[in-house]
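Here are some exercises to work through with the structure open beside you. Try each task before you read its solution.

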Amino acid sequence: MKLLLHTCCAPCSVYCIDSLRKEKIEPTVYWFNPNIHPYMEYKARRDCLEKYTKSIEVEAIFEENYGLRDFCKNVVEDLESRCKNYCYKVRLEQTAKYAKENGYTHFSTTLLVSPYQNHKALIEVGKEMAKKYEIEFLYRDFRVGFKVGQAKARELGLYIQKYCGCIFSEESRYLNLNLAKPELPEGFKFLPVKNSINIKKERDNKEKYLDLLLEADPNKEIVNKYLLDGELFALTYQDEPVCVAVIIMVDNDTVELKNIVTKEEYRGKGYAKKMIKYLIDNYKTKYKKMIVGTTENNIPFYVKQGFDKYEKTIKNFFVDNYNEEIWDGDLHCTDIIYYSRNLKK
Ligand code: SF4
């Protein structure tokens, strides 16, 4: 199956893509939404989707069309029926057409995830476009995963909109006019969604994280020493440990972040940032300062997390303390550079 998935925004795409991938269907995301107003809202949703699709390595096509004038002209005579009569049609028609012309076998839409959309009308329009363009409409009742997807989107820090899209839905949202009630599949109830990301201090079995810690600091002797004296924190995603950090006490006012590492496949998704934020909140009541020793390449990352005060450089630290050469990408590491963050700010 070659699936073109019309995508209205990043948060709605989360559950749809995850569940399709579970079925071993790899969708191509298709952005075509000439119904989102005003322009900066359109851009915020579009840019967030671009960033998200890159982070999860899904192919994405962006059909740029703000379309304000056409949209208004086409819906103004019958605002009550605008979703079914125009907005679903124009988006699914373009998706079906593009899919047919570009060798896809199926098309679908993330609009099917929202219990606030007219689900029946979406199916009807999907089938109508499938017939017109002689291509399969892949139907899934994604609504069962709406809450799970939204919770994950929040955890990932995705931009979450406050209204459906058009200026009329924005008016309804803020003036409480004709707000749609959620519609769920028959007999289905949302269960409370438990947090998929948790961080806790590990008192026992710290050694089980040794291999991961060695990815950031390959000297086993040094790691074992600070592991013994230090406090280890593990961040789990859906019960799998994905990021760990070790903190040691330097003096009555200062703690040091000795090691922080994220599993390779989870890097670039903000887990280390979440961990640092947690550590800061955890230590700020008792300590004034957190320091971190790092290589040159990582300074911008730590400065962004508030470690903005340069403390000191220990020349040839990596040469003197490690048997092997230490490389960080293309950088041959020799010196360790310390920065600090004021925990009271
Ligand atoms: S409410 Fe949403 S689906 Fe309906 S016309 Fe506006 S943007 Fe489109």
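**Exercise 1. A cysteine and its surroundings**

This model is predicted, so treat each value as computed from it. Task: find which residues C8 is in contact with, leaving aside its neighbours within four places in sequence. Then decide whether C8 is buried or exposed.

Solution. Start with the contacts: once the neighbours within four places in sequence are set aside, C8 touches N33, T110 and L111. Next, place C8 in the chain: this residue sits in the loop between β1 (3-6) and α1. Now count its surroundings. C8 has 25 C-beta neighbours inside 10 Å, and the cut-off for a buried residue is 20 or more, so C8 counts as buried. Finally, compare sequence with space: C8 and W31 are 23 residues apart in sequence, and their C-alpha atoms are 6.6 Å apart.

**Exercise 2. An alanine in a strand**

Task: work out which strand holds A234, and how many other C-beta atoms lie within 10 Å of A234.

Solution. First, locate the residue: A234 belongs to strand β7, which covers residues 231-237. Second, count: 19 other C-beta atoms lie within 10 Å of A234. Residues with 20 or more are buried and those with 12 or fewer are exposed, so A234 falls in between and is partly exposed. Third, list the contacts beyond four places in sequence: K200, E202, Y209, P241 and V244. As a last step, take T95, which is 139 residues from A234 in sequence; from C-alpha to C-alpha, the two are 43 Å apart.

**Exercise 3. Two helix crossings**

Two packed helices are described by the angle between their axes and the distance between the axes.

Task A: at roughly what angle do the axes of α1 and α6 cross, and what is the handedness of the crossing?

Solution. Helix α1 spans residues 10-22 and helix α6 spans residues 146-155; their axes come within 8 Å and cross at roughly 120 degrees. That angle makes α1 oblique to α6. The crossing of α1 and α6 is right-handed. To see what makes the contact, look at A10, P11, C12, V14 and Y15 on α1, and at F146, V148, G149, Q150, K152 and A153 on α6. Sorted by class, the residues of this contact are 8 nonpolar, 2 polar and 1 charged.

Task B: do the exercise again for α4 and α5. At roughly what angle do their axes cross?

Solution. The axes of α4 and helix α5 (residues 119-133) come within 9 Å, with a crossing angle of roughly 40 degrees. That makes α4 oblique to α5. The crossing of α4 and α5 is right-handed. On the α4 side, the contact includes C83, K84, Y88 and L92, while the α5 side includes A121, L122, V125 and M129. By class, the contact of α4 with α5 holds 10 nonpolar, 1 polar and 6 charged residues.

**Exercise 4. Around the ligand**

Task: which residues are around the ligand, and which element gives the most to this shell?

Solution. Begin with the list: N35, R82, C83, C87, C164, G165, C166, F168 and S169 surround the ligand. Then assign elements: α4 (82-101) and α7 (167-175) are the ones giving two or more residues to the shell. The most come from α4, with 3 residues. Finish with the classes: the shell has 5 nonpolar, 3 polar and 1 charged residues.

**Exercise 5. Backbone details**

Task: where does K24 lie, where is N205 found, and which peptide bond is cis?

Solution. Take K24 to begin with: this residue lies in the loop between α1 and β2. K24 has a positive phi of about 65 degrees although it is not a glycine. With 7 C-beta neighbours inside 10 Å, K24 counts as exposed.

Now turn to N205, in the loop between β6 (197-202) and α8 (210-216). N205 is not a glycine, yet its phi is positive, at about 55 degrees. N205 has 8 C-beta neighbours inside 10 Å and counts as exposed.

For the last part, go to the bond from H37 to P38: this peptide bond is cis, with omega near -10 degrees. P38 lies in the loop between β2 (28-31) and α2 (39-55).

Definitions and conventions: Residues numbered from 1 in each chain as written. Predicted model: local features only at pLDDT ≥ 70, side-chain atom pairs only at ≥ 80, totals over all residues. Axes fitted to C-alpha atoms, helices over the stretch in contact; angles between N-to-C directions. Helix = DSSP H or I, 4+ residues; strand = E, 2+ residues; numbered from the N terminus. Parallel < 35°, antiparallel > 145°, perpendicular 65-115°, else oblique. Left-handed = near helix turned anticlockwise from the far one by under 90°. Contact = placed C-beta atoms within 7 Å. Nonpolar A, V, L, I, M, F, W, Y, C, P; charged D, E, K, R; others polar. Near = placed C-beta within 6 Å.
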